[in-house]
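User: I am new to reading protein models, and I would like a close look at a single part. Could you walk me through the aromatic rings and what surrounds them?

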Amino acid sequence: MAVQGSEKSSRRGRRSTTMDGMPHNDMPWWRWRSNVRSALHMLSDPGFHRETWLAGRPGYGDVTDAVYRLVEDTWLDNWSAEKYVGTIFRDTQEAALVDATVLRVLRIMHQVGADSPVTAYVEHPGWPEAVQAAREAHVWLARADGDDPDAPPLSLEALAQVTGGASAGA
């Protein structure tokens, strides 16, 4: 099994410090939603974990990149997704499903270490529960947006194209 590595990462540098430290003008809501959906999609698919992350397939980042896409710009590691109902999320059901995923995934990341190999994540006893939570959130958001939840995840390059280039390739 390959150690995760990424020639292209979705991680970004410093956050701006406005509105309680949240970058309120750095990224429009639809770009935030695209990043959250991308992360949920990758985190929710065990086949993707095997065929892409564990295989070391380039172009998709690593598990830590997905976690950062889920929480970095939205600050979901600091507050509830409910704060974004009406912007990033359509309703409290979406927010609750995303919150459940964030809590499970961040708990694992803090236990194994952010830059651990993907095997540390997928072998963690809580990983199946995190994957299930991500799947529920991914399916709910994909269907709400009229997308096929079973389509393969977008590469970071494709995500950058969808979001105007400022999202995944920075």
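Analyst: Here is a walk through one group of rings, followed by a ring with a charge over it and a short visit to a pocket. Please keep in mind that this is a predicted model.

The structure holds five aromatic pairs. Let's start with the pair made by phenylalanine 48 and tryptophan 53: their ring centres are 5.1 Å apart, and with 75 degrees between the planes the pair is edge-to-face. Phenylalanine 48 has a relative accessible area of 4%, so it counts as buried. Tryptophan 53 is buried too, because its relative accessibility is 2%.

Phenylalanine 48 also pairs with tyrosine 60, again edge-to-face, at 5.5 Å centre to centre and 75 degrees between the planes. This pair links distant parts of the chain, twelve residues apart: phenylalanine 48 belongs to helix H2 (residues 46–54), while tyrosine 60 sits in the loop between H2 and helix H3 (63–71). Tyrosine 60 is buried as well, with a relative accessible area of 12%. Put together, Phe48, Trp53 and Tyr60 form one aromatic cluster.

Another ring to look at is tryptophan 79, where lysine 83 lies over the face, 4.2 Å from the ring centre.

Finally, turn to the largest pocket, which holds about 370 Å³ of space. Its lining has 18 residues, and Ser34, Arg37, Ser38, Asp147 and Leu154 lie nearest the centre. Helix H1 gives the largest share of that lining, seven residues. By class, the lining has nine nonpolar, four polar and five charged residues.

Conventions:
Residues are numbered from 1 along each chain as its sequence is written. This is a predicted model: local features need pLDDT of at least 70, side-chain atom pairs count only at pLDDT 80 or more; totals for chains, interfaces and linings use all residues. Side-chain values use heavy atoms; hydrogens and water are left out. On a 1 Å grid over the protein atoms alone, a cavity is a set of points where a 1.4 Å probe fits but cannot get out, and a pocket is an open set with protein on both sides within 12 Å along at least five of seven lines; lining residues have an atom within 4 Å of a point. Grid points are joined across faces, edges and corners, and a volume is the space filled by probe spheres set on the points. Helices (H or I, at least four residues) and strands (E, at least two) are DSSP runs, numbered from the N terminus. Ala, Val, Leu, Ile, Met, Phe, Trp, Tyr, Cys and Pro count as nonpolar, Asp, Glu, Lys and Arg as charged, and the others, Gly among them, as polar. Rings of Phe, Tyr and Trp (its six-membered ring) pair if their centres lie within 6.5 Å; planes under 30 degrees apart count as stacked, over 60 as edge-to-face and the rest as tilted. Buried means under 20% relative accessible area, exposed over 50%, partly exposed in between (1.4 Å probe, protein chains only). A charge sits over a ring if NZ of Lys or CZ of Arg is within 6 Å of the ring centre and within 35 degrees of the ring normal.
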